[in-house]
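Q: Please take a close look at the aromatic rings here. I would also like to see how they fit with the charged side chains and with the model as a whole.

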Amino acid sequence: MLRRILGLDVLPGSSPQGASLLFAAVLAVDGKVVEKWREVDLDKIVEIVSDRNVEALALDNVYELATNIDELSRFLKRFPRSPRIIQVTFIDGETVSIEALCALTGICSGKLDPLQTAEVCALLAYNGVGAEALVFEEETLIRVGRGRVPGQGGMSRERFKRNIELQVKRKVREISEALRKNSLDYDLFIRKSGEGLTGATFIVYAPREKLNGLVKNEDGHELFVRIEPVGREKIEFQPLGAKVSYKPLTEKYLIVGIDPGMSTGYAVLDLNGRVLSLGTGRLLGRGDLMRRLYSIGKPVVIATDVNPPPAYVRKIAATLGCQLFVPSRSLSIDEKRRLALEAAEAWGLKVKTAHERDSLAAAYKAFLYYRPLFEEVEKEGEKYDLPVPIDEAKLLVIRGKPVSIAIQEAMRKHVGLRLPLERFEKFSAGTEIEKMQGELEFLKRVVEELVHENNLLRHELRKAEERSQRSEEALKRLLQLKELGKRLNPEFSKMEARIEMLQSEINSLKSVLENTILEEKRLKETMYSVVLGEKIAVLKLSRLLDKSGLRARYLFVDKELPEDYLFRVLGEIKPPSANLYVFFRNQHELQRVKGKLPIGTIPLSIDWVNGVEDIGDFVVLPVEEIEKAVNRQGEEVEKERLRRLLVDYREERRRSMGRV
């Protein structure tokens, strides 16, 4: 049981994403509150935990401490001895609100402030409510290496380098002896150099606190020792008081070949010889490898390519309770190439490294050893009218059972029969009639057991329905309590609605502010382009109609006006000694006024311009695009002039032909 617990609750307005993260904190010892803090930051929490030997931090949501497992891992590594993290609201795989827990346990009532919530979290954790957030595996890494690499030099440099590497070797031996004396299981990966070692990595199969007093961190000139727990890929929750355990995700039986070393290769086959996985891991500990295998299925054979087998392989086979396959002699390089190639080509795979090759060769060699027995199981299984769990029978054959007995035991286990084994042994002996009678009796028993199993399942279904009904009733009571709380406090609903309204307004204002910032940034960029001469700000005609005496070189006719009024306005705006470039909204409007504009007015269509920006009284156009539009207008004028010449020529020809 946890005795010293620090309850925490994040203060309003504070979050892991913010600049500062603040909590209310309450320290409970043996279920009694001894100290309270209305405001603490993460540095203060580390200080409190270290000074007061706190065993666990209790919260209603672990993500109040950090947004992800990496941040939470970094936070826990700040402690000399990491506390456990308890989420009191995580119960039976479901999250229950702190208010509901208050109502169910009776230790609090009403709306809680952060300090009260922190106290409730500490007391609930002390009473075994909630689940522990698992951030680290039950494994610890110990890295030993050279503190510094000698620079250039002659014989003295080599002597100094050799001295450091011998010190590393002595330190590795010292740590190994300490772990063995305390019966701590570990794997050791070393990097040799002459008579000494350049470095080594221990993977100890025990939590970090088990190493306290045995191994310590060192950071010297000659060598370093660093100890750190092995992190998980994601946060997992374990009910308080339960033990950590790993189970295969499926019951698919596996043959696994392993080639251990600094880089460990592994190959995974099913009992039909199909290659399910092939990979390599650097400093791959047994725990990590077992988790990878369990994600695929259940290992039943562990194979190696050398005789005698490496300690790593023997240990993992013993831990998993697997049959260890060792060839009669170590496989040669040529034999390993042939076996790996045969297995890989059968399933369209490519072997990338020597470690993958050796592990695949070991697994496939084991499969070939058992294949005749597997084929006999499949052939024998076809004799039965009932479906036979072939892989289950193959497993029993691997463990040394005769084929016929293995099939019958597999079927018995599959349907739940509890007949004595000797009865089945009798079925396999005697005359054909006796065999048939035995099989008939066996099938009758199967039917009886299936009926019995059906009745048991019906009973379990009724119990499940009853549990579901009780859960629904409990949920209704919780909802009733919540509604009762609202009625007892009439301001609750009003405040809740007010908070929602204010939150909505805040979100709306945030959106407006974000859009304003983006618009301001866009305007600044456009202004710079205009100042640098890359773009030109063109006035809109509608903004000039109520002004007089203004001159402009560029104008955008953004609304339709009577022609005589438009021509008069353009005449007033045109500079005396320069052209006036007038942009119309489209080519249709341009064609309508073409040839009627004041002299020196060059009509253009805004359709001819790319990158138009509409900014209040202006449209901003790229200089290059304006030049393209002017060139296009010149081409249009020239085309029109040529067209008119052609029309006049045809008309003159027609008249001359008439005179003739």
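A: Happy to! One definition first: a residue is buried under 20% relative accessible area, exposed over 50% and partly exposed in between, using a 1.4 Å probe and protein chains only. Please keep in mind that this is a predicted model, in which local features need pLDDT of at least 70 and side-chain atom pairs count only at pLDDT 80 or more, while totals for chains, interfaces and linings use all residues. Residues are numbered from 1 along each chain as its sequence is written, and side-chain values use heavy atoms, leaving out hydrogens and water.

Now to the rings. Rings of Phe, Tyr and Trp (its six-membered ring) pair if their centres lie within 6.5 Å; planes under 30 degrees apart are stacked, over 60 edge-to-face, and the rest tilted. Nine aromatic pairs turn up in a search of the whole structure. One of them joins F325 and Y369, a tilted pair with 5.4 Å from centre to centre and 50 degrees between the planes. This pair bridges distant parts of the chain, 44 residues apart: F325 belongs to strand β17 (residues 323-325) and Y369 to helix α9 (residues 354-381). Helices (H or I, at least four residues) and strands (E, at least two) are DSSP runs, numbered from the N terminus. F325 is buried, because its relative accessible area is 8%, whereas Y369, at 54%, counts as exposed. F367 and F374 form another pair, which is tilted because the ring centres are 6.3 Å apart and the planes meet at 45 degrees. F367 is buried at 6% relative accessibility, and F374 is buried too, at 2%. Put together, F325, Y364, F367, Y369, Y370 and F374 are linked by ring pairs into a cluster.

Helix α9 also has a part in the salt bridges, where a side-chain nitrogen of Lys or Arg is within 4 Å of a carboxyl oxygen of Asp or Glu. E378 bonds in this way with K394, their closest N and O atoms being 2.9 Å apart. The two lie 16 residues apart in distant parts of the chain, with E378 in helix α9 and K394 in helix α10 (residues 390-398). K394 is buried, with 1% relative accessibility, while E378 is partly exposed at 32%.

Elsewhere, the count of salt bridges comes to 30. Among them is R286 with D187, at 2.9 Å between the closest N and O atoms. Here helix α6 (residues 286-294), holding R286, meets strand β9 (residues 186-193), holding D187, across 99 residues. Both R286 and D187 are buried.

Rings also meet charges, taken as NZ of Lys or CZ of Arg within 6 Å of the ring centre and within 35 degrees of the ring normal. R226 has its charged end over the ring of F224, 4.1 Å from the centre, and K315 does likewise over Y186, at 5.8 Å.

As for the setting, the protein has 17 helices and 23 strands, and 39% of its 660 residues are buried. The average pLDDT, the predictor's confidence in each residue from 0 to 100, is 82, and 81% of the residues score at least 70.
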